[in-house]
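Thank you all for coming; please take a moment with the sequence and the structure before I begin.

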Amino acid sequence: MNYPLSKEQEAISLQTKKAVEEGRNVLLHAVTGAGKTELVYPARERRLKKRLRVGFATPRRDVVVDLYPRIKEAFPLAKVVSVYGGHHQIREGDILLATTHQLFRYPSYFDLLILDEIDAFPFKGDPVLQSFFRRSVKGNYILLSATPSEEQRNEVKKDNGVILKLYSRYHGHPLPVPERRTKTRPGLYLACYRILKDFLTEGKPVFVFVPTIEIGKKLFLFLSLFLKNGAFVSSKEEQRRLLIEAFKEKKLSYLVTTSILERGVTVFDLQVIVFRADHPLYDCAGLVQISGRVGRKIHAEKGKVFFISEVETRERKRARNEIEKYNRSLLS
């Protein structure tokens with residue numbers, strides 16, 4: 001890795017490796033930005049040295065694509081293979097990265113399977129994808145999540161598993177606590193415009209999250225009348241990879257986005273606005289994940305998150321309370 005682990009990270013990483021060596025399953029409950037992917041490197045390395053089959057699965061194709069160069073850099077002597085829809089000509093290697101949809105190809109295959117984002121759509125609540133996962137594990141598994149459900153925690157315990165918790169990010173700074181803006185429906189657009197304009201004036205890159213494609217298109221149409229150098233991305237946008245790369249290269253200043261950028265993307269000094277944060281599609285886990293896009297990098301540990309909505313909701317309150325609970329643990 002190109003940075004050292006903190007004492008807390010190192011302790012969790014060693015506990016994870018020890019549990020796997022003892023034949024136990026692991027649920028790693030770590031806040032967003034805690035470095036979950038890197039924390040399982042030692043357990044993965046140990047399995048590779050024994051010539052065992054190691055896999056890493058995640059529900060979203062874009063995350064597999066983003067992870068590939070990181071894993072390749074970390075394990076330069078290993079054959080790293082990525083498998084997802086439309087990209088499955090080569091299916092075997094030392095480390096296999098795959099979407100959960102593609103796990104049906106690997107019955108009783110993995111000696112160690114690491115499953116990231118267990119709380120994410122479409123894996124969460126999908127019995128078919130969950131059966132693909134179960135069927136593909138020959139040895140042990142490691143589950144990674146910032147927001148595991150009670151049901152998922154209980155399942156790991158039943159599977160002779162151990163739950164490890166890490167509530168601090170690798171740089172030791174607290175998670176950003178979302179600021180709230182409550183407006184009438186017409187006022188939501190104006191509030192979003194003003195906050196976004198202030199961020200762009202400061203030269204900050206911004207994600208504006210929207211709950212649906214339809215809402216996103218309408219919002220971007222409004223914002224683009226006044227604020228140039230932006231784009232709208234969603235799962236239906238064929239050019240989304242190019243637009244995301246353009247954003248990372250600072251060719252674009254802001255992206256209006258659906259939940260496709262909720263996870264797995266890290267941008268230096270990113271700021272976040274959640275538009276219509278009271279929408280039914282936004283649950284506590286999703287709002288916590290979105291908030292976790294901010295403050296992930298050293299030298300940019302702080303940032304702002306705004307929840308814009310017509311009303312305060314139970315899920316919005318729960319998300320703030322969850323983040324504040326994590327931050328309190330840093331002081332204990």
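Which side chain does a polar contact join to that of Asp 66? In this model, which I should say at once is a predicted one, the partner is Arg 241, and the polar contact between the two side chains is 2.9 Å. Asp 66 itself sits in helix H4, which covers residues 61-74, and with a relative accessible area of 16% the residue counts as buried, because the cut-off for that word is under 20%. If we leave aside residues up to four places away in sequence, Asp 66 touches Arg 241 together with Lys 248, Gly 264 and Val 265.

Let me turn to the aromatic rings, of which the structure holds 16 pairs. One of them is formed by Tyr 41 and Phe 75, an edge-to-face pair with 5.3 Å from centre to centre and 85° between the planes. This pair links distant parts of the chain, since Tyr 41 belongs to helix H3 (residues 41-49), whereas Phe 75 lies in the loop between H4 and strand S3 (80-83), 34 residues apart. Both Tyr 41 and Phe 75 are buried. Elsewhere, ring pairs join Tyr 189, Tyr 193, Phe 222, Phe 226 and Phe 275 into a cluster.

Finally, a word on cysteines. Cys 192 is buried, with a relative accessible area of 0%, and Cys 284, at 7% relative accessibility, counts as buried too. How many disulfides are there in the model? The count comes to zero, where a disulfide would need a pair of cysteine sulfur atoms within 2.5 Å.

Methods: Residues numbered from 1 in each chain as written. Predicted model: local features only at pLDDT ≥ 70, side-chain atom pairs only at ≥ 80, totals over all residues. Heavy atoms only, no water. Helix = DSSP H or I, 4+ residues; strand = E, 2+ residues; numbered from the N terminus. Buried < 20%, exposed > 50% of the residue type's maximum accessible area, 1.4 Å probe, protein only. Polar contact = N/O pair within 3.5 Å; in protein donor to acceptor, adjacent residues only side chain to side chain. Contact = heavy atoms within 4.5 Å. Phe/Tyr/Trp six-rings, centres within 6.5 Å; stacked < 30°, edge-to-face > 60°.
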